[in-house]
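Let's take a friendly walk through this protein, starting with the broad view and then stopping at a few places along the chain. Keep the viewer open as you read.

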Amino acid sequence: MAVQPAQRPRLLQAMVDAFRQEDVRRKLLFTLAMLVVFRFVAHVPIPNVDRDALEAAFEGNALLDFLSIFSGGALQNLSVAALGVYPYITASIIIQILTPLVPSFRALSEEGEQGRRRLQLYTHWMAPIMAFVQGYGQIVFINGQSGGDVVQDFGIINHPIGTLSTLLTLAAGTMFLVWLGELITENGIGNGVSVIIFGGIVARLPALIPSLSTQSIIAIIGFAAFALGLIYLVVFFQEAQRRVPVQYARSAFRGGRMYRQQGQSHIPLRVNMAGMIPLIFAFSIMILPPIIASYFTSAGGWVESVAEFFVRQFQGGRGGGGTGWYWAILFAMVVGFTFFYTMVQYQQQQIAKNLQRQGAFIPGIRPGAPTEAYLQRVVTRITWAGAFFLGFVAILPFFIGLLTDVRALTVSTTGFLIVVAVVLDTMKQLEAQLLMRNYEGFIR
């Protein structure tokens, strides 16, 4: 009697099946190779950097540590990849917001694939401009935090050539990472730009491990429980959707005659349609007050008092930075931006018009304006859940630090959300690759 081989766990078996397929294995290895290139570039420094002043600027500065997490430590090294792909993301967000507001952009969005490529080209043109702006602001801020010049020969008036060369280096590093991301999208697994961000955040995590030895067992267990609970919530809300039933009529020709057949489907409206964009918006705006106020902390008089108040309120509190007012304002801004960006995304999809054009309708709702009003009402209701979830994710570091006192391990939950979302998207793409080859995938 033949002995059956021990059956592997389902997840492990799916990974083995993926590596057995030559084309899937090639995609995975290509993605890993591009991440290695990214990590190499993240350690190539820009010229004229004073390393001692750079360490002094980052010492005990919660705001710079937060920015460094999203660059995978590249900002702390002031490498050519110090800005990461965030100028490109900022440009992409601006183009998406302008699309329903600018008639020419709106017309391009309705032209299908060719129009989307033109909008993508505009995004690529805007990305270097945003890299110049963000690069200049970050270097000026870092120089101000060190009490000296971290980057030598920097200043538009006194050192225009050195400033231009530094900003060109940072912009070139950003566009190189965008190019790597597009190569991953075309030849690898997952969305390339998201994978680059994922690689940067994950690469930063090992630096936080030594702080474990200074914490109590109870605090570490509490932090681990928070992390597991957050993973469950992120997966639940990322996958949650409201399925609106749709009926449509199919036309078929048989024997020279047309027959109309009824069919049923549904519209999947995601609870978290905005993704992580509201978090990026809110954090970007909340970073501005302490940066601007830091320029006036030595002005003297009431100006210095006001500046110190803003620095105190928006930087350096419990739970990873900021006082209670900081987290309350952050929560409100995330909720507001979630509704704003969700409505922008929903209007660009033009679901009601597409249903009417295809001869489809929602049971009990007349086509046209009534369908549009109904879908708008549904999107608004489910967005409340997504908005409060993102707001909770944004302020969770405050509660983790408050209850467990593990402040050194309070990694931004925005980065946590990005990591989980990228893993889910990559697993779905691997799932599709395996199902195409009649293999059992990761997800039941």
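One cut-off will help from the start: a residue is called buried when its relative accessible area is under 20%, exposed when that value is over 50%, and partly exposed in between. With a relative accessible area of 40%, Asn48 is therefore partly exposed. You will find Asn48 in the loop between helix 2 and helix 3 (51-58). Its backbone deserves a look too, since Asn48 is not a glycine and yet has a positive phi, near 65 degrees.

Now for the broad view. Please keep in mind that this is a predicted model. The protein has 17 helices and 3 strands. Of its 444 residues, 44% are buried. If you take the contacts with a separation of 6 or more, 72% of them join residues 24 or more positions apart.

Next, turn to a pair of helices. In general, the packing of two helices is described by the angle between their axes and the distance between those axes. Helix 2 (residues 22-41) and helix 10 (residues 192-204) have axes that come within 10 Å and cross at roughly 60 degrees. Because of that angle, helix 2 counts as oblique to helix 10. The crossing is right-handed. Helix 2 brings Thr31, Leu35, Phe38 and Arg39 to the contact, while helix 10 brings Val195, Ile196, Gly199, Gly200 and Ala203. Sorted by type, the residues of this contact are 5 nonpolar, 3 polar and 1 charged.

The loop between helix 5 (74-77) and helix 6 (86-98) is our next stop, and Gly84 is found there. Is Gly84 buried or exposed? Its relative accessible area is 7%, so Gly84 is buried. Leaving aside residues up to four places away in sequence, Gly84 touches Thr174 and Leu177. Gly84 and Val193 are 109 residues apart in sequence, but their C-alpha atoms are 9.8 Å apart in space.

Leu78 also has its place in the loop between helix 5 and helix 6. Its relative accessibility is 2%, so Leu78 counts as buried. Leu78 is a residue other than glycine with a positive phi, near 50 degrees.

Finally, try a small length check on helix 14 (residues 324-349). At 1.5 Å a residue, its 26 residues should span 38 Å, and the end C-alpha atoms are 38 Å apart, so the two values agree. Just after helix 14 comes Gln350, with a positive phi near 50 degrees.

Definitions and conventions
Residues numbered from 1 in each chain as written. Predicted model: local features only at pLDDT ≥ 70, side-chain atom pairs only at ≥ 80, totals over all residues. Heavy atoms only, no water. Axes fitted to C-alpha atoms, helices over the stretch in contact; angles between N-to-C directions. Helix = DSSP H or I, 4+ residues; strand = E, 2+ residues; numbered from the N terminus. Parallel < 35°, antiparallel > 145°, perpendicular 65-115°, else oblique. Left-handed = near helix turned anticlockwise from the far one by under 90°. Contact = heavy atoms within 4.5 Å. Nonpolar A, V, L, I, M, F, W, Y, C, P; charged D, E, K, R; others polar. Buried < 20%, exposed > 50% of the residue type's maximum accessible area, 1.4 Å probe, protein only. Expected span 1.5 Å × (residues − 1).
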